[in-house]
Amino acid sequence: MFFTRTHEFSINIPKDEFKNRLIGKHVKIHNLDFEVIESDYSLTIIPHAEQVTEIKTLPVTMLDFKEEGGKTKVIIQSRLRQLDAGGPQLIMIFCVFLFVASIILFLTSEDLKITFTFLGILILTFTTFWYRMQTGYFDYCRKIKNYVTTKGA
């Protein structure tokens with residue numbers, strides 16, 4: 001939902017030829033191996049994180065193809081792995097809770113110290129979380145998108 005990224009672009013290469021350029025290839029991003037596999041009518045780029053010991057939030061990317069005229073429209077959709085979705089969702093719920101609590105305290109309390117403390121914790125937590133997501137998960141999504149677009153050029 002919040003963490004799903006979709007990109008579209010068109011190429012002048014037929015769908016089957018473009019698939020053959022990608023199928024079975026491996027992509028190295030931040031010393032982590034991603035493999036392109038074929039599933040049904042699309043391609044999937046999955047991370048090989050079996051050897052990873054630290055906590056990482058990784059995307060699973062689906063590539064869909066539609067032929068329009070002489071061009072192929074490529075739709076890239078990256079979303080969180082089910083295994084990784086719990087942590088970011090808990091942090092977002094915690095941030096929403098802090099936001100709602102600070103609004104309620106602002107409207108009902110005469111002492112604003114607690115309200116601003118909650119807002120400060122919210123801003124610090126969300127900023128740290130968003131920075132980590134931009135340098136981790138979203139960076140993987142951007143680099144996978146760049147890899148696919150360069151294969152189409």
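The paragraphs below lead from the overall build of the chain to one residue in a helix.

This is a predicted model, and the secondary structure of its chain consists of four helices and six strands. Followed along the sequence, these elements come in the pattern β-α-β-β-β-β-β-α-α-α, so that the reader who traces the chain meets them in that order.

As for overall dimensions, the C-alpha trace spans about 65 × 40 × 25 Å along its principal axes. The radius of gyration of the chain is 20 Å, whereas a compact globule of 153 residues would have one near 15 Å. Of the contacts in the chain with a separation of 6 or more, 54% are made by residues 24 or more positions apart.

Turning to the surface, buried residues account for 35% of the 153 residues, and the accessible surface of the chain amounts to about 9,700 Å², with 59% of that surface belonging to carbon and sulfur atoms. The chain carries 18 positive and 16 negative charges, and the mean positions of these two groups lie 5 Å apart.

A single residue can now be looked at in its setting: Thr108 belongs to helix H2, which covers residues 86–108. Thr108 counts as exposed because its relative accessibility is 59%, and the cut-off for that class is over 50%. A polar atom of the Thr108 side chain lies 2.8 Å from the backbone oxygen of Ile104. Looking further along the chain, Gly120 is 12 residues from Thr108 in sequence, and the C-alpha atoms of these two residues are separated by 18 Å.

How values were computed. Residues are numbered from 1 along each chain as its sequence is written. This is a predicted model: local features need pLDDT of at least 70, side-chain atom pairs count only at pLDDT 80 or more; totals for chains, interfaces and linings use all residues. Side-chain values use heavy atoms; hydrogens and water are left out. Helices (H or I, at least four residues) and strands (E, at least two) are DSSP runs, numbered from the N terminus. The radius of gyration is taken over C-alpha atoms; the globule rule is 2.2 Å times the number of residues to the power 0.38. Buried means under 20% relative accessible area, exposed over 50%, partly exposed in between (1.4 Å probe, protein chains only). Contact means heavy atoms within 4.5 Å. Accessible areas come from the Shrake-Rupley method with a 1.4 Å probe; for residues, only the protein chains shown count as cover. Lys and Arg count as positive and Asp and Glu as negative; His and the chain ends are not counted. The place of a charge is taken as NZ of Lys, CZ of Arg, CG of Asp or CD of Glu. A polar contact is a pair of N or O atoms within 3.5 Å; within protein, one must be able to donate a hydrogen and the other to accept it, and residues adjacent in sequence count only if both atoms are side-chain atoms.
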